[in-house]
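Here is a structure to walk through step by step. Keep the chains in view as you read.

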Amino acid sequence: MTKKKKEKEEFLENELIEKSLSPHPLSFMKLQSLCLFLIIWGVVLGWLVNFSEYKTLFSGNEWFILLAWGLVLLFVGVIASLILIRWTIFFLYLSVFVSAIALMIWQNWLNKDVAPLFIPFYSFAVSIIGFLIVEIYRRSHQYIITNLRIILMSGYLTKTELSIRYDKITVFGKQGILGQIFNFGTIIPITQSGLGLGSDQTLAAGGMMLGGKKAKLLGIAGGGKEVQTPRSRSSFELHGVHPYREIKNLIEKLVQENVPTAYHQEQVAFQKQQVDLQKQMRDLLKIQTKETSKKPISNAEIPDETDEEEKVEEAIEPEQNDVQKQMKELLKKQSELKEAEKIDEENEEETGEEKS
Amino acid sequence: MEGYSIDIVIFAPLAPILGVLLFWFIQLLFIQSEKFLLEKIRHKHEPLCRFTNFLGILFQTICHALGYTVTKSGISDFFISVDYGRVSPKKERTGIFEWIANAFLFIGPFFIPAFLLLISLIFLKVEGLELVIPLNITGTEYTFGGQITIFGSSLYNFSEKFFGFLSNIDLLHPGHFGFLLLLIFLGMGIRPSYIGEKKHEKIDMLYDLKNIWSLISFKPLYIIILFVIAYLFFHLSILINQFLYVELFSIFGWLSIISITALIIADAIVLLIKTTDEIPGKSRFLPYITIPSSYVLTRVFFFYFPSDFTKIVSLSIMILSTILVTFLLLKYKTKKFNTKTGMKPLRGKDDEEKKGKRRISRKRID
């Protein structure tokens with residue numbers, strides 16, 4: 001089955017594609033910068049160990065080079081994890097470091113003065129693999145904006161698909177400096193169920209210990225705060241879409257078209273009322289016709305129009321009378337409104353003439 | 001001490017000020033040329049223009065914030081985007097403090113980013129950051145001529161060492177490479193006005209000068225105060241027999257030289273982008289591939305055949321090969337160097353015309 005056919009099957013009736021998007025190549029810069037740092041640090045260490053004036057410091061000590069490289073990597077990993085609150089960064093760097101040691105031990109390179117060359121090349125190779133993984137991950141995202149909904153699809157092995165309708169969503173947009181330069185940005189559709197919302201948590205705790213050698217008193221106090229912020233995974237948001245402003249405006253327009261405004265709501269309520277009245281009238285007429293058809297009418301007695309009206313009134317029950325009254329009142333109101341509009345128009349014309 | 005007293009008292013302090021002003025005007029001229037080039041490539045390289053705008057705004061905003069910090073006004077709000085920067089003080093201060101903060105905003109971007117590069121030059125062990133007093137001016141150091149000679153000599157000494165470093169820059173050295181990147185960024189962002197999506201009137205040098213002039217003319221008293229301070233500082237330097245006054249202005253001169261160099265490099269890059277835009281197809285990327293590949297190949301060559309001029313030769317080959325590749329691409333891929341009509345057909349036409357004229361003339365004679 002071709003991709004287009006499959007896509008056609010996935011769409012609803014009368015559904016039209018407005019835009020089909022994927023994230024900008026630079027939109028995953030946070031992930032790409034992890035690989036970039038690995039390359040930069042590998043090259044810098046390679047230069048330090050092989051060409052700089054400090055190369056004598058490292059000569060003949062394979063473990064020292066490896067540890068220096070790994071410790072800096074882990075230190076940066078810890079700092080990045082703390083800032084971004086993602087411990088995967090630390091574990092990623094840790095796995096890179098551990099695999100480097102494992103590879104060196106397995107190949108028995110530790111005593112062969114290989115580390116000065118191995119580290120830059122290994123860093124470069126791992127970074128290239130990292131860049132490729134990020135690129136594959138980026139390409140797995142596909143966002144389709146149709147006239148009825150937003151479809152967010154992602155994943156190569158495990159596919160996720162999310163469909164968001166335009167009614168009852170709030171659109172949140174964010175654009176970093178890189179996004180502002182290259183004109184891409186992230187749009188998060190926040191639904192009433194809370195999709196698109198994350199939370200920032202801050203926790204504080206303090207403890208103290210009192211007492212001498214024997215008697216000790218321990219006290220711990222703590223507290224936390226939580227703030228809800230628009231945040232989502234790239235699978236559940238329009239991540240790094242280009243051109244940002246144009247797409248945001250398009251979504252805003254589609255949301256506006258699908259959300260009923262106060263005027264629309266009034267109009268719908270009024271139309272409902274009218275339909276109800278018409279139904280009631282139809283029922284009344286049915287009853288009338290039934291009652292009249294039950295009574296036998298002789299040819300000699302031709303009923304007067306006045307008699308007919310009386311008979312109809314008799315046939316109408318008190319409840320139906322109320323409905324008719326309501327209808328009359330409504331008609332009266334309508335005519336009053338029309339008259340008021342006419343008077344207003346006349347007044348406006350008069351004031352216009354006076355001004356001229 | 002020799003020299004006329006009027007020279008020492010009135011004219012001598014003006015010498016370094018005029019020197020710095022001259023260099024600053026040269027800086028403005030290069031900024032103008034960069035703006036012109038950026039405006040030319042804007043329609044094709046919108047992100048690059050936005051990036052340079054961002055750099056410019058970043059420098060300005062940092063300088064403005066520094067102004068508020070120096071005047072102890074404090075910073076309550078700091079915001080930077082690609083086309084807008086805003087810094088608000090905690091305390092609104094008037095008078096000289098306000099003027100100093102504004103001076104930081106208008107004049108700071110020309111000198112403060114370059115100051116960071118000057119500091120990094122110290123870390124890269126570049127010499128030339130000292131005052132040079134030529135022997136032939138002994139006794140007349142505090143005259144106009146003496147002051148301008150010391151200023152010029154210091155600048156010459158710095159330029160010699162700085163350009164020596166640049167021509168021997170090792171692009172495989174992380175520190176040197178980082179310095180070059182910073183230099184390019186400085187060159188791209190050292191401009192006080194914005195190049196926007198719509199054509200703005202305020203992208204020329206006159207607009208910048210008008211801004212600075214309005215700042216000066218708005219508070220002329222402060223300019224007088226600044227001159228008085230400068231004169232006092234100069235005479236204090238004479239009193240303690242130190243060259244502090246000319247040394248201070250020499251630093252401004254060094255900063256101007258760094259800025260001008262940065263602008264020249266940035267101009268060259270923008271010019272390369274503008275030129276390669278004219279080349280059709282993917283071959284336009286060839287000059288950009290030539291830059292690193294030619295340098296790395298030359299360095300590899302010199303690794304096996306060592307020479308005393310490895311860095312300078314590698315750099316020269318890199319620049320020359322890039323120019324050559326660009327030139328060849330322009331010659332064979334575009335009609336840039338072609339005349340509107342070929343020379344041969346023109347020659348042929350000329351010969352035919354001449355023959356025709358002869359025939360006509362012969363007929364007439366007949």
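Into which domains is chain A divided? The model is predicted. In it, chain A has domain 1 (29-138) and domain 2 (266-291 + 308-348). Domain 2 of chain A is thus written as two segments, 266-291 and 308-348. How far apart do the C-alpha centres of domain 1 of chain A and domain 2 of chain A lie? The distance is 83 Å.

Turn next to chain B. Its assignment gives domain 1 (5-276) and domain 2 (282-365). These domains of chain B touch: nine residues of domain 1 are in contact with nine residues of domain 2. Look at the side that domain 1 of chain B offers to domain 2. Helix α9 of chain B, residues 244-276, gives the most to that side, with three residues. What is the make-up of this side of domain 1 of chain B? Four of its residues are nonpolar, four are polar and one is charged.

Now take the two chains together. How many residues does each chain bring to the contact? Chain A brings seven and chain B brings eight. On the chain A side, α2 (29-50) and α7 (177-182) each supply at least two residues. The largest share of that side comes from α7(A), with four residues. The side of chain A that touches chain B has six nonpolar residues, one polar residue and no charged ones.

Set the two sides next to each other. The side of domain 1 of chain B that touches domain 2 includes one charged residue. The side of chain A that touches chain B has none.

Notes
Residues are numbered from 1 along each chain as its sequence is written. Chains are lettered from A and ligands numbered from 1 in the order in which they are written. This is a predicted model: local features need pLDDT of at least 70, side-chain atom pairs count only at pLDDT 80 or more; totals for chains, interfaces and linings use all residues. Domain bounds come from an automatic or database domain assignment. Two residues are in contact if their C-beta atoms, placed from the backbone, lie within 7 Å. Ala, Val, Leu, Ile, Met, Phe, Trp, Tyr, Cys and Pro count as nonpolar, Asp, Glu, Lys and Arg as charged, and the others, Gly among them, as polar.
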